[in-house]
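Below is a colleague's note for a reader who is meeting this structure for the first time. The points are numbered and may be checked one by one against the view.

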Amino acid sequence: MSSTELPSAPASSALPKVSPVRVAEGERLRSVRLPGITLTVRSRPAARAGLPPALYVHGLGGSSQNWSGLMPLLDAHVDSEALDLPGFGDSPPPDDGDYSVTAHARAVIRYLDSSGRGPVHLFGNSLGGAITTRVAAVRPDLVRTLTLVSPALPELRVQPTAVPTALLALPGVASLFTRYSRDWSAEQRVRGVMALCYGDRARVTPEEFDNAVQEMARRLQLPYFWDALARSARGIVNAYTLGGQHGLWRQAERVLAPTLLIYGGRDQLVGHRMSQKAARSFRSSRLVSLPDAGHVAMMEYPEVVARTFQELLADTGELSAVTGTAVETAGS
């Protein structure tokens, strides 16, 4: 469904100059042009040749920076790349303005096909969890393992704290909210996002907070920021209404790859109660619950997420030995 409340996103050649995207130590950014889309890819140099590839897909309103805390912890095990989905991070809007879950999944598939990196260890958070579930279902040849952090899969009883995000999908709401919040500073916006997404905001360091404020200020300069957010929110809502073989839960049942499910006990956007349904739906899954984590466990507890992924590798025979102790829960 196309949006009518905001003007079409401008062509990438007409985009204004904005401050550069932050690149953490050891990371590199590159731009990849594919049919209908241009993707920014964040990567780290592999610790050694021959490591299996991994690809990370962020959630609604996020970017590849959401994985910067986790990726270096996995340098010894995988060759990491993270995408900025079309219209997010440093990737310009898609040429056709399509922000559906299917369109985002198609972008991931196009990148994997063009790069020849598949099959990959595929990671997804929130919206990225829905996208990667669809990718794993329709293109099992591209996926070695699937790791989902608070995946945005359909819920019958949406949490009250998730309602404002869903409302962005309604025509006119994004424009209304833009006018209502025009005087909010980037710092105020970041504090609101972190209150919603983190289980414990005290885990955010001053440096991480400052980086988030700078990134928010950068994004607010982009003329397509609200359009991409609203249309992607609508894409999630539309995906929730699909039934039959295109329904996300039906596609979860079709996933062949070993799947790691990570849910936060303090998640205000994806109900922890959905973890059991997910564990039943994905045929080869292991479930990890982090009682003190919110919606972005890979940012709050990257060490725990890294350790559970290493154990998944060990279970699937891709890691001969797992370093460290047994899986810890957040707050243990």
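1. A residue counts as buried here when its relative accessible area is under 20%. By that cut-off Arg-42, with a relative accessible area of 1%, is buried. Please keep in mind throughout that the model is a predicted one.

2. The partner of Arg-42 deserves attention next, since the side chains of Arg-42 and Glu-27 meet in a salt bridge, with a distance of 2.7 Å from N to O. Arg-42 belongs to strand 2 (residues 37–43), whereas Glu-27 sits in the segment before strand 1 (28–34), so the salt bridge ties together parts of the chain that are 15 residues apart in sequence. Glu-27 is buried as well, because its relative accessibility is 8%.

3. How many salt bridges does the structure hold? The count is 17, and as general background, side chains of opposite charge can pair when their charged atoms come close. Two further pairs are taken up in the points that follow.

4. Within helix 6, Glu-215 forms a salt bridge with Arg-218, and the closest N and O atoms of this pair are 2.9 Å apart. Glu-215 and Arg-218 are 3 residues apart in the helix, which means that about one helical turn separates them. Glu-215 is buried at a relative accessible area of 9%, and Arg-218 is buried at 1%.

5. Another pair is formed by Arg-286 and Glu-311, whose side chains meet in a salt bridge of 3.2 Å, N to O. This pair links distant parts of the chain, with Arg-286 in strand 8 (residues 285–290) and Glu-311 in helix 11 (residues 302–315), 25 residues apart. Arg-286 counts as partly exposed, at 23% relative accessibility, whereas Glu-311 is buried, with a relative accessible area of 14%. Elsewhere, salt bridges that share partners join Arg-30, Asp-79, Glu-81 and Arg-117 into one network.

6. Turning to the packing of helices, how do helix 5 and helix 6 lie with respect to each other, roughly parallel or roughly perpendicular? Helix 5 (residues 186–197) and helix 6 (residues 206–220) pack at an angle of about 115°, and their axes are 9 Å apart. The two helices are therefore roughly perpendicular to each other, and their crossing is right-handed. On the side of helix 5 the contact is made by Ala-186, Glu-187, Arg-189, Val-190, Arg-191, Val-193 and Met-194, and on the side of helix 6 by Phe-209, Ala-212, Val-213, Met-216, Ala-217 and Leu-220. Sorted by class, the contact of helix 5 with helix 6 has 10 nonpolar and 3 charged residues, and no polar ones.

7. Is Ala-152, which lies in the loop between strand 6 (143–149) and helix 3 (163–167), buried or exposed? Ala-152 is buried, with a relative accessible area of 6%. When its neighbours within four places in sequence are set aside, Ala-152 is in contact with Ser-126, Leu-127, Ala-130, Tyr-240, Leu-248 and Val-270. As for Val-270, it stands 118 residues from Ala-152 in sequence, yet the two are 6.5 Å apart in space, C-alpha to C-alpha.

8. A last residue to inspect is Ser-275, found in helix 9 (residues 274–281). Ser-275 counts as buried, at 2% relative accessibility. Apart from its neighbours within four places in sequence, Ser-275 is in contact with Tyr-263 and Leu-287.

Key: Residues are numbered from 1 along each chain as its sequence is written. This is a predicted model: local features need pLDDT of at least 70, side-chain atom pairs count only at pLDDT 80 or more; totals for chains, interfaces and linings use all residues. Side-chain values use heavy atoms; hydrogens and water are left out. Axes are lines fitted to C-alpha atoms, for helices over the stretch in contact, and angles run from 0 to 180 degrees between N-to-C directions. Helices (H or I, at least four residues) and strands (E, at least two) are DSSP runs, numbered from the N terminus. Angles under 35 degrees count as roughly parallel, over 145 as roughly antiparallel, 65 to 115 as roughly perpendicular and the rest as oblique. A crossing is left-handed if the near helix is turned anticlockwise from the far one by less than a right angle, and right-handed if clockwise. Contact means heavy atoms within 4.5 Å. Ala, Val, Leu, Ile, Met, Phe, Trp, Tyr, Cys and Pro count as nonpolar, Asp, Glu, Lys and Arg as charged, and the others, Gly among them, as polar. Buried means under 20% relative accessible area, exposed over 50%, partly exposed in between (1.4 Å probe, protein chains only). A salt bridge is a side-chain nitrogen of Lys or Arg within 4 Å of a carboxyl oxygen of Asp or Glu.
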